[in-house]
Amino acid sequence: MKRLTAVLCLALMAAPAAPIASAEERLDYDMITRIRAEGYRRSKVMDTASELMDRIGPRLTGSPQVKAANEWTRKQFADWGLSNAHLESWGPFGRGWWYEKCSIRMTAPDHAQLLGLPIAWTPGTNGPVKAAVVRLDVKSKDELADLKGKFTGKIVLYGDMPAMEDHDKPEIERYDEKKLAEVQKYEAPGGPGRRRFNREEFIKRRELRIEVEKFLANEKPLAVLDDGRGDLGTFYVQGSGSDWKKSKPMPTTPMISMESEHFGRIARLLDRDVPVEVELDVVAHFIDEDQMQANTIAELPGGDKKDEVVMLGAHLDSWHGGTGATDNGAGSVVVMEAMRILKAVGVKPRRTIRAALWTGEEQGIYGSKAYVEQHFASRPPQTKEEEDQPFYRQREKWPLTLKPEHAKLAAYFNLDNGSGRIRGIYSEDNAAVVPIFEAWLAPFHDLGATTVTMNRTGGTDHLSFDRVGLPGFQFIQDALDYETRTHHSNMDLYERLNKDDLMQASVIMATFAYNAAMRDAMLPRKPVPTEETSSPEFGAPPAPTKRANAMPGPTATPTPGPH
């Protein structure tokens, strides 16, 4: 017997070590079967999507539409039988804004309907205006002094000639095995794959844009037309700088992001000294009276570990060019559908499962950051000067003060990369969760979800949790046309949602929440960050995944991270 035991020990020593954590994972396959059946056979995800995108529409933070979305999602959670469905306020945010109308026509040398939308937080035209178009294309602020007086009372075409790219790759992109292997391969901090744009070039362009905007404020043109940097009818439109902040001067010039082909036609005519006249009619509204915003919260109450919480979330807010379907209506309806599924199949979780739909993400993950500060951990408040700094110059403040709820969060799972199906999950440098997540994905290999990577990802709300030492995770998703067509564009519409992928994502997110709520121990954590161990820059998160359309044109400004 002793000899047999010795042989077995030697054999075990020679064999590759199996991950202990995965062997300890006890999966409830009966419940997984029920979750899959509910999510695929009785799905409500597209009904929810139509209500959010078609009826309510775009959900810019500070607009009436985002408040309507807060109220409707709260009511829908309650109607499904979820507990404690409520809104949690945060703020103050800044200026509210929404646009009612935007019409652009060329009236000379030809009559033509042009396509464009107002950049967020710019004013309207106070009725139709018609004027000659004058081109402004500078590469340095030093060029501005010689141009004084040329733009007053005119419509300014700002920027260089659009460059049309060859479509040498498919618009719809899915991960194959090779690409998943690349995602799984660990990329060291600061490595070549960590950034998808040149930081120094971006800063240079942004500082030039600021100088140009100051120049134009003094020139007092009627409006500014900007290239939307797209093609085939797609153009990108978001915000200009931080005009939503009440500490900033009220914008005075309407700024329009235009379809590139229409911008190019005007630019070519002006370059040939052909006079161009354009008529504009933009109706936009500022809202100053109510600056508090809200996150939508709802729960499935826990049992013997009810004071511990598993969270799943997505950002409810969007930009205004489309209806915010893929960014991030898709993530929001998946979170809602996951909670509906869990309620419908009669889950009795040991831990409380809490859904959160955030606002303020597009301006700098403000909603989730405020929630984390209210519940889990806080930092010293920023001074006015610090708040007014662009994101890439902001720094985390210390000390970090942990609150009692910090010890009670089992996990936070986030979805925010479009409508594509889940292909795996980023472990955010947390080696201990890798075998656990591998075990949780095993029942979904047939649905294409196979990959756990040690890599980190940035640009969305899980960062609010990760930055204070909480286990926050973002899923890996197929890009589809998120990066090529819909992100922050006028094509971010219901039609770009993929029903099968949203059903798959809902099932997996529901199962991850259930698994985290039922296991004996909470998920392992990384060490709480300290001033010595954390990244010094608030605006320098790890590997970006969200579309690098952060700087599509001279008037567009990214939100913190890779947005």
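Gly424 in strand S16 stands opposite Ile476 in strand S18 in this predicted model. Three bridges join S16 to S18, and the two strands run antiparallel. S16 has a second partner, strand S17 (residues 451–453). Three bridges join that pair too, but here the strands run parallel. Ile425 of S16 stands opposite Val452 in S17.

How buried is S16? Five of the five residues of this strand (residues 422–426) are buried, so S16 is largely enclosed by the rest of the structure.

**From S16 over a helix to S17**

S16, helix H13 and S17 make a right-handed β-α-β unit. H13 covers residues 434–441 and is mostly covered itself. Seven of its eight residues are buried. Which ones are they? The buried residues are Val434, Pro435, Ile436, Phe437, Ala439, Trp440 and Leu441.

An α-helix has 3.6 residues a turn, so residues three or four places apart point the same way.

**A second unit of this kind**

S11, helix H9 and S12 also make a right-handed β-α-β unit. S11 holds residues 305–315, and H9 holds residues 325–344. Strand S12 (residues 351–358) is mostly covered, with eight of its eight residues buried.

Which strands pair with S12, and in which sense? S10 (residues 293–300) pairs with S12 in the antiparallel sense, over five bridges. S11 pairs with S12 in the parallel sense, over eight bridges. Single residues show where the strands meet. Leu300 stands opposite Ile353 in S12. Met311 has Arg354 of S12 as its bridge partner.

The table lists the strand pairs described so far.

| Strand pair | Sense | Bridges | One facing pair |
|---|---|---|---|
| S16 and S18 | antiparallel | three bridges | Gly424 and Ile476 |
| S16 and S17 | parallel | three bridges | Ile425 and Val452 |
| S10 and S12 | antiparallel | five bridges | Leu300 and Ile353 |
| S11 and S12 | parallel | eight bridges | Met311 and Arg354 |

**Aromatic rings**

Now look at the side chains. How many aromatic pairs are there? The count comes to 26 aromatic pairs. One of them joins Phe475 and Phe512: their ring centres are 5.4 Å apart and their planes stand at 75°, so the pair is edge-to-face. The cut-off for that label is over 60 degrees. Phe475 lies in strand S18 (residues 472–477) and Phe512 in helix H16 (residues 499–518), so the pair ties together parts that are 37 residues apart in sequence. Are these two residues buried or exposed? Both Phe475 and Phe512 are buried.

Other rings gather in a group. Trp90, Phe93, Trp97, Tyr99, Trp121, Trp244, Trp319 and Tyr366 form one aromatic cluster. Elsewhere, a charge meets a ring. Arg379 lies over the face of Trp398, at 4.6 Å from the ring centre.

**The whole protein**

Step back to the full chain. The secondary structure comes to 16 helices and 18 strands. The protein has 563 residues, and 58% of them count as buried. Where in the sequence do contacting residues lie? Take the contacts with a separation of 6 or more: residues 24 or more positions apart account for 86% of them.

What about the surface? The protein exposes about 23,200 Å². Carbon and sulfur atoms supply 53% of that area.

Definitions and conventions. Residues are numbered from 1 along each chain as its sequence is written. This is a predicted model: local features need pLDDT of at least 70, side-chain atom pairs count only at pLDDT 80 or more; totals for chains, interfaces and linings use all residues. Side-chain values use heavy atoms; hydrogens and water are left out. Buried means under 20% relative accessible area, exposed over 50%, partly exposed in between (1.4 Å probe, protein chains only). Helices (H or I, at least four residues) and strands (E, at least two) are DSSP runs, numbered from the N terminus. Two strands pair if DSSP finds at least two bridges between them. A crossover is right-handed if, with the strands pointing away from the viewer, the path from the first strand over the helix to the second runs clockwise. Rings of Phe, Tyr and Trp (its six-membered ring) pair if their centres lie within 6.5 Å; planes under 30 degrees apart count as stacked, over 60 as edge-to-face and the rest as tilted. A charge sits over a ring if NZ of Lys or CZ of Arg is within 6 Å of the ring centre and within 35 degrees of the ring normal. Contact means heavy atoms within 4.5 Å. Accessible areas come from the Shrake-Rupley method with a 1.4 Å probe; for residues, only the protein chains shown count as cover.
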